[in-house]
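Biologist: I am new to this structure and would like a close look at one part of it, taken slowly and with the reasoning spelled out. Please start from the chain as it is shown here.

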Amino acid sequence: RRGYLRNVAIAQGNRRQPEAVPALADCLHTETEALVRAHAAWALRQIGSPAAKQALDKARHVETDPLVMEELAQD
């Protein structure tokens, strides 16, 4: 499951389609696996829409895992 969700996040980031933002944001805020959250953050950065940036900003205030925090700091 973890690897599959990571791969889906990567694919969505590579596509850079704003339609993926709600699902990626939900994943970033609710997924239990840090690896998946980190890749959701990466994908949101690739999309770069205002909604994607808003989701990233929200996560910066609550995220505690170092892997995800490192990805969030890339922006």
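What span should the 14 residues of helix α1 (residues 2-15) have at 1.5 Å a residue, and how far apart are its end C-alpha atoms? From there, please follow the chain onward and look closely at the helices that come after.

Modeller: Please keep in mind throughout that this is a predicted model. At 1.5 Å a residue, the 14 residues of helix α1 should span 20 Å, and the C-alpha atoms at its ends are 20 Å apart, so the expected and the modelled lengths agree. Just after α1 comes Arg16, which takes a positive phi of about 55°, although Arg16 is not a glycine. As a general background, most residues other than glycine have a negative phi. Arg16 belongs to the loop that lies between α1 and α2, and with a relative accessible area of 45% Arg16 is partly exposed.

Beyond that loop, helix α2 (residues 21-30) and helix α3 (residues 34-47) have axes that come within 8 Å and cross at roughly 145°, and the crossing in which α2 passes α3 is left-handed. On the α2 side the contact is made by Val21, Leu24, Ala25, Cys27 and Leu28, which meet Val36, Arg37, Ala40, Ala41, Ala43, Leu44 and Ile47 in α3. Sorted by character, the residues of this contact comprise 11 nonpolar, no polar and 1 charged.

Helix α4 (residues 50-60) comes next, and its buried residues are Ala52, Ala55, Leu56 and Ala59. Seen down the axis of α4, these buried residues fall within an arc of 100°, so they line one face of the helix. The general geometry helps here, because an α-helix has 3.6 residues a turn and residues three or four places apart therefore point the same way. The buried residues of α4 pack against α2, α3 and α5 (66-72), whereas the face of α4 turned away from this buried side carries the exposed residues Pro50, Gln54 and Lys58.

One further residue of helix α4 deserves a look, namely Asp57. Its relative accessible area is 39%, so Asp57 counts as partly exposed. Asp57 and Leu72 are 15 residues apart in sequence, while in space the distance from C-alpha to C-alpha is 8.3 Å.

Key:
Residues numbered from 1 in each chain as written. Predicted model: local features only at pLDDT ≥ 70, side-chain atom pairs only at ≥ 80, totals over all residues. Heavy atoms only, no water. Axes fitted to C-alpha atoms, helices over the stretch in contact; angles between N-to-C directions. Helix = DSSP H or I, 4+ residues; strand = E, 2+ residues; numbered from the N terminus. Left-handed = near helix turned anticlockwise from the far one by under 90°. Contact = heavy atoms within 4.5 Å. Nonpolar A, V, L, I, M, F, W, Y, C, P; charged D, E, K, R; others polar. Buried < 20%, exposed > 50% of the residue type's maximum accessible area, 1.4 Å probe, protein only. Arc of directions from axis to C-beta. Expected span 1.5 Å × (residues − 1).
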